[in-house]
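The report below looks at one aspartate and its surroundings, then at the meeting of two domains, and finally at a set of salt bridges. Please keep the sequence and the model in view while reading.

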Amino acid sequence: MDFRLTEEQELIRASAREFTQKYLEPIAAELDEESRYPAEVMAKLAEMDWLGIPYPTEYGGAGSDYLTFAIVIEEISRACASTGFTVSATTGLVLTPIFQFGTEEQKKKFMIPLCKGEKVGAFALTEPGAGTDPASATTTAVLEGDEYVINGTKTFVSNGPLADIFVVIAVTDKTKGARGMSAFVVPKEAGGITVGKHFKK
Ligand SMILES: Cc1cc2nc3c(=O)[nH]c(=O)nc-3n(C[C@H](O)[C@H](O)[C@H](O)COP(=O)(O)OP(=O)(O)OC[C@H]3O[C@@H](n4cnc5c(N)ncnc54)[C@H](O)[C@@H]3O)c2cc1C
């Protein structure tokens, strides 16, 4: 097996290094000190088509692959670890379940604005009493009529305070343990979301 990067992947690494040295390294310490969301860098990353690298172009992605995504995240994180996680939270944690398991309508509706950087995503799995063991989560989703009603408290939700689209993991069948959990795409405008205290980095 050949583990060497392709010429194109090497080029992307070089341009990601150049990009982060220019736009991210100079402000990395300030971002951490001020716990600030790097909106200006995210806008530039969107221009580069680097927020949806592994996803098909029809869903707003760059039509590339996960290795290329990992290379770009590595370079972003080299300059600023928290920005690396900010990007991978949306591109990895939020977009992957929508792409893998979402309906065609959900993919078109949610993936395009996330990949284009027009909306921010957040993944809500961890709870105050369920971290390493997510199967002990207590957030429930109950079908009432033709809609699910989700109740519970999540924590450590990266991008949470400014997210527009959440992927929320909730218990739908308690008798099935870890297999009785489902992922829901929750747009902020669905309502009923309260943002708690901001953790200091
Ligand atoms: C920077 C950051 C970003 C995050 N972003 C997100 C996010 O976007 N969305 C989200 O849902 N979550 C997020 N998390 C939460 C993260 O997934 C949890 O912190 C993680 O799952 C651990 O949970 P916990 O902090 O409750 O630790 P705990 O589960 O309380 O564990 C504490 C320690 O005990 C150890 N431990 C636990 N159980 C056992 C055991 N049975 N045997 C031996 N050792 C054990 C663990 O290894 C750990 O060292 C984020 C966390 C951080 C730090």
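In this predicted model, the side chain of D164 comes within 2.7 Å of the backbone nitrogen of V120. D164 itself sits in the loop that runs between β3 (147-151) and β4 (165-171), and with a relative accessible area of 24% D164 is partly exposed, because buried is reserved for values under 20%. When the neighbours within four places in sequence are set aside, the residues in contact with D164 are E118, K119, V120, V186, P187 and K188. A further residue to locate in the display is E189, which is 25 residues away from D164 in sequence, while the C-alpha atoms of D164 and E189 are 7.9 Å apart in space.

**The two domains**

The protein chain is divided into domain 1, which covers 7-119, and domain 2, which covers 122-190. Taken over C-alpha atoms, the centres of domain 1 and domain 2 are separated by 24 Å, and the contact takes 14 residues from domain 1 and 10 residues from domain 2.

Together, domain 1 and domain 2 bury about 1,100 Å² between them, and 77% of this area is on carbon and sulfur atoms. Of the area that domain 1 buries against domain 2, V94, F110 and K119 supply 40%, which is more than any other three residues. What kinds of polar and charged pairing does the model show between the domains? The count of salt bridges between domain 1 and domain 2 is 0, whereas 2 residue pairs in polar contact are found across the interface, both at pLDDT 80 or more.

On the side of domain 1 that touches domain 2, α5 (81-101) and α6 (104-115) each supply at least two residues, and the largest share, 8 residues, comes from α5. The residues of this side of domain 1 divide into 9 nonpolar, 3 polar and 2 charged.

**Salt bridges**

The structure as a whole holds 11 salt bridges, and the table sets out three of them with the separation of their N and O atoms.

| Basic residue | Acidic residue | N to O distance |
|---|---|---|
| R17 | E75 | 2.6 Å |
| R36 | E30 | 2.9 Å |
| K154 | E127 | 2.9 Å |

R17 forms its salt bridge with E75 at 2.6 Å between the closest N and O atoms. R17 lies in helix α1 (residues 7-23) and E75 in helix α4 (residues 66-79), so this pair ties together parts of the chain that are 58 residues apart in sequence. The two partners differ in their surroundings, since R17 counts as partly exposed at 31% relative accessibility, whereas E75, at 2%, counts as buried. R17 and E75 also belong, with R13 and E74, to a linked network of salt bridges.

In the pair formed by R36 and E30, whose side chains meet at 2.9 Å, R36 counts as partly exposed at 26% relative accessibility, and E30 is likewise partly exposed, with a relative accessible area of 30%.

The salt bridge between K154 and E127, also listed at 2.9 Å, links distant parts of the chain, with K154 in the loop between β3 and β4, E127 in the loop between β1 (121-124) and β2 (140-144), and the two positions 27 residues apart in sequence. Are K154 and E127 buried or exposed? Both K154 and E127 are buried.

Conventions:
Residues are numbered from 1 along each chain as its sequence is written. This is a predicted model: local features need pLDDT of at least 70, side-chain atom pairs count only at pLDDT 80 or more; totals for chains, interfaces and linings use all residues. Side-chain values use heavy atoms; hydrogens and water are left out. Helices (H or I, at least four residues) and strands (E, at least two) are DSSP runs, numbered from the N terminus. Buried means under 20% relative accessible area, exposed over 50%, partly exposed in between (1.4 Å probe, protein chains only). Contact means heavy atoms within 4.5 Å. A polar contact is a pair of N or O atoms within 3.5 Å; within protein, one must be able to donate a hydrogen and the other to accept it, and residues adjacent in sequence count only if both atoms are side-chain atoms. Domain bounds come from an automatic or database domain assignment. Buried area is the accessible area (1.4 Å probe) that two parts lose on being put together, summed over both. A salt bridge is a side-chain nitrogen of Lys or Arg within 4 Å of a carboxyl oxygen of Asp or Glu. Ala, Val, Leu, Ile, Met, Phe, Trp, Tyr, Cys and Pro count as nonpolar, Asp, Glu, Lys and Arg as charged, and the others, Gly among them, as polar.
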